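Hi there,

Here is the structure I promised to pass on. Have a look at it first, and my notes on the salt bridges and the nonpolar cores follow below.

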Amino acid sequence: MPLTSAPAITPIAILSALPQEQRGLIELLHQPRKVHHASRDFWLGDLHGQSVVLALSKIGKVAAATTTTALIERFGVRRIVFTGVAGGMGQGVKVGDVVVATDFVQHDLDASPLFPRYEVPLYGKTRFHCDATLSALLFEASSKALAHESLATHGFHDACVHQGLIASGDRFVSSAEESRSLHDLLADAGHAVLAVEMEGAAVAQVCMDYGVPFAVMRTISDRADDSAHVDFPDFVEATASRYAHLIIERFLNLLSKK
Ligand code: SAH
């Protein structure tokens, strides 16, 4: 059932995986309106002068695909931006850095020998690309946000922004051995991965199906290694919403000038 009072301006969706990442954004929303749909809360309102829908993907690829589909079908969004956290995998991708995705691969998809490993069957594709224009804005917004003095108080003086491939799968990667083996297997297949998380590739696939441009930024909360189970919750509680807030504010300001 479509929304009866459809917003005059097509809203942009801001998607997060975890409530801690979304928290600060809901507080900033002007004229917030909560809509419960598909067992999820969607927050409609204005943020930094833009009409937005804030949503939680929930965790994992299926949940993220459901949220993305609902955003497009029910709320009519035509652009999606994801802010979340991820485990760093590439060399030099450290806690506190930001990775802006160029494209996504599903590291747990394997229909071989029927299809090449990692290829999404019947799509004839392994990597799903983000929108170049939105991603460039997100990169600029992230670079500006990292220069903000408040992040120094979180201890991330030398944080930097990377841009590249992110791998998604339904696993929290939390051992150095698993991380290395995932990284090396993907590299052998020609996929040089910077970070690992659990939703982005699903958002990318749904957005490709509907022709909806999207961009993703992930702050590195852990190194997907033996201390990931400690580093991840610490980062999510203390820092994730600060990053999301600073980056989204700058992103929406840049977008309004386009
Ligand atoms: N309910 C738990 C589970 C979080 S799962 C909790 O809140 O504590 C981890 C989330 O962070 C997922 O959304 C995933 O996309 C991202 N993530 C961060 N580090 C990750 C890692 N090392 N491996 C996989 N996903 C990671």
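R218 and E199 join their side chains in a salt bridge, with 2.8 Å from N to O. Please keep in mind that this is a predicted model. R218 belongs to strand β10 (residues 214-222), while E199 sits in the loop between β9 (193-197) and α6 (200-210), so the pair ties together parts that are 19 residues apart in sequence. Are the two partners buried or exposed? R218 counts as buried because its relative accessibility is 1%, and E199 is buried as well, with a relative accessible area of 3%. The pair also belongs to a network: salt bridges with shared partners link E197, E199 and R218.

In total, the structure holds 11 salt bridges. Two others may interest you.

The first is between K144 and E140, where the closest N and O atoms are 3.0 Å apart. Both residues lie in helix α3 (residues 132-146), four residues apart, so about one helical turn separates them. K144 is partly exposed, at a relative accessible area of 43%, and E140 is partly exposed too, at 35%.

The other one pairs K34 with D41, and here the closest N and O atoms are 4.0 Å apart. With a relative accessibility of 32%, D41 falls into the partly exposed class.

Now to the nonpolar side of things. Which residues touch the most other members of the largest nonpolar core? They are I80 and F251, in a core of 74 residues. Helix α8 (residues 240-256) supplies the largest share of this core, with nine residues. If you would like to trace the surroundings of I80 in your viewer, leave aside residues up to four places away in sequence; I80 then touches the following:

- A13 and L15
- T68, L71 and I72
- L134
- V203 and C207
- V212, P213, F214 and A215

Some of these contacts lead back to elements mentioned above: F214 and A215 fall within the range of strand β10 (residues 214-222), the strand that also carries R218. Likewise, L134 falls within helix α3 (residues 132-146), where K144 and E140 are found.

There is also a second, separate core, made up of 11 residues, and V105, L165, A167 and L186 are among them.

Happy to go through any of this with you.

Best wishes

Note on methods
Residues are numbered from 1 along each chain as its sequence is written. This is a predicted model: local features need pLDDT of at least 70, side-chain atom pairs count only at pLDDT 80 or more; totals for chains, interfaces and linings use all residues. Side-chain values use heavy atoms; hydrogens and water are left out. Buried means under 20% relative accessible area, exposed over 50%, partly exposed in between (1.4 Å probe, protein chains only). Helices (H or I, at least four residues) and strands (E, at least two) are DSSP runs, numbered from the N terminus. A nonpolar core is a set of buried Ala, Val, Leu, Ile, Met, Phe, Trp, Tyr and Cys residues joined through side-chain atoms within 4.5 Å. Contact means heavy atoms within 4.5 Å.
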